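Open the model in your viewer and keep the selection panel at hand. The stops below say what to select and what is there.

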Amino acid sequence: MLVPVRPLSDLSPGDAVRLEPEHTLDPTGPGVAIFCTDDGELHAIEDSCTHQDAALSDGYLEGCFIECPLHAALFDLRTGEPDGPPASVPVRTHPVVVIEGWIHVDLGGATEIAA
């Protein structure tokens with residue numbers, strides 16, 4: 001299920017935007033964070049640190065990694081994998097496409113998180 005987020009021109013390199021839970025497949029879930037790296041790459045992940053539920057969209061973007069604002073856990077935006085403690089469980093990632101100048105997130109294409 002492709003969900004339009006916003007025009008690509010509204011998201012500058014180094015910025016993030018949050019897709020609120022009511023616009024996702026799980027209206028009680030954490031929402032989805034969409035990041036534009038300094039290189040202009042777009043990535044989408046579940047907007048909740050697997051260590052303590054902080055909003056990753058409020059974190060610090062460094063290359064293709066997002067640092068949780070609460071306890072500095074790092075997650076690879078490309079894979080969702082944590083880079084080390086305190087997080088040990090990956091976050092779910094979602095494919096991102098740009099169609100006619102609009103960012104879309106594929107909520108049906110999420111990666112599965114290993115139990």
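Which order do the four strands of the open sheet have, and is the pairing parallel or antiparallel? In this predicted model, the order is 2-3-4-8 and the pairing is antiparallel.

**Stop 1: the edges of the sheet**

Select residues 16-19, then 93-94. These are strand 2 and strand 8, the edge strands, and each of them pairs on one side only. Strands of a sheet pair through backbone hydrogen bonds, so show the backbone atoms here.

**Stop 2: strands 3 and 4**

Next, select residues 32-36 for strand 3 and residues 42-46 for strand 4. The two run antiparallel and are joined by five bridges. Within this pair, pick Ile34: the residue opposite is Ala44, in strand 4.

**Stop 3: Val105**

Move on to strand 10, residues 102-106, and select Val105 there. Is Val105 buried or exposed? Val105 counts as buried because its relative accessibility is 0%.

Now display the surroundings of Val105. Leaving out residues up to four places away in sequence, Val105 touches Met1, Leu2, Val3, Val5, Val32, Ile34, Ala44, His94 and Pro95. Ile34 and Ala44, the facing residues of the previous stop, are thus both among the contacts of Val105. For a distance check, select the C-alpha atoms of Val105 and Leu19: they are 9.2 Å apart in space, while the two residues are 86 apart in sequence.

**Stop 4: the two cysteines**

Select Cys36 and Cys64. How many disulfides does a search of the whole structure find? The search finds zero. Cys36 is in no disulfide, and the cysteine sulfur nearest to its own, that of Cys64, is 11 Å away. Why does Cys64 not bond to Cys36? The 11 Å between their sulfurs is too far for a bond, because a disulfide needs the two sulfur atoms within 2.5 Å. Both side chains can be checked for burial as well: Cys36 is buried, with a relative accessible area of 3%, and Cys64 also counts as buried, at 15% relative accessibility.

**Stop 5: a nonpolar patch**

Finally, turn on the surface and select Leu2, Val97 and Ile99. These residues form a nonpolar patch on the surface, and their accessible area together is about 220 Å². Val97 sits in strand 9, residues 96-99, and counts as partly exposed at 34% relative accessibility. Leu2 links this stop to an earlier one: Leu2 belongs to the patch and is also one of the residues that Val105 touches.

Note on methods:
Residues are numbered from 1 along each chain as its sequence is written. This is a predicted model: local features need pLDDT of at least 70, side-chain atom pairs count only at pLDDT 80 or more; totals for chains, interfaces and linings use all residues. Side-chain values use heavy atoms; hydrogens and water are left out. Buried means under 20% relative accessible area, exposed over 50%, partly exposed in between (1.4 Å probe, protein chains only). Patches are made of residues with over 30% relative accessible area and no salt bridge: like charges are joined within 9 Å, nonpolar side chains (Val, Leu, Ile, Met, Phe, Trp, Tyr) within 5 Å. Accessible areas come from the Shrake-Rupley method with a 1.4 Å probe; for residues, only the protein chains shown count as cover. A salt bridge is a side-chain nitrogen of Lys or Arg within 4 Å of a carboxyl oxygen of Asp or Glu. Two strands pair if DSSP finds at least two bridges between them. Contact means heavy atoms within 4.5 Å.
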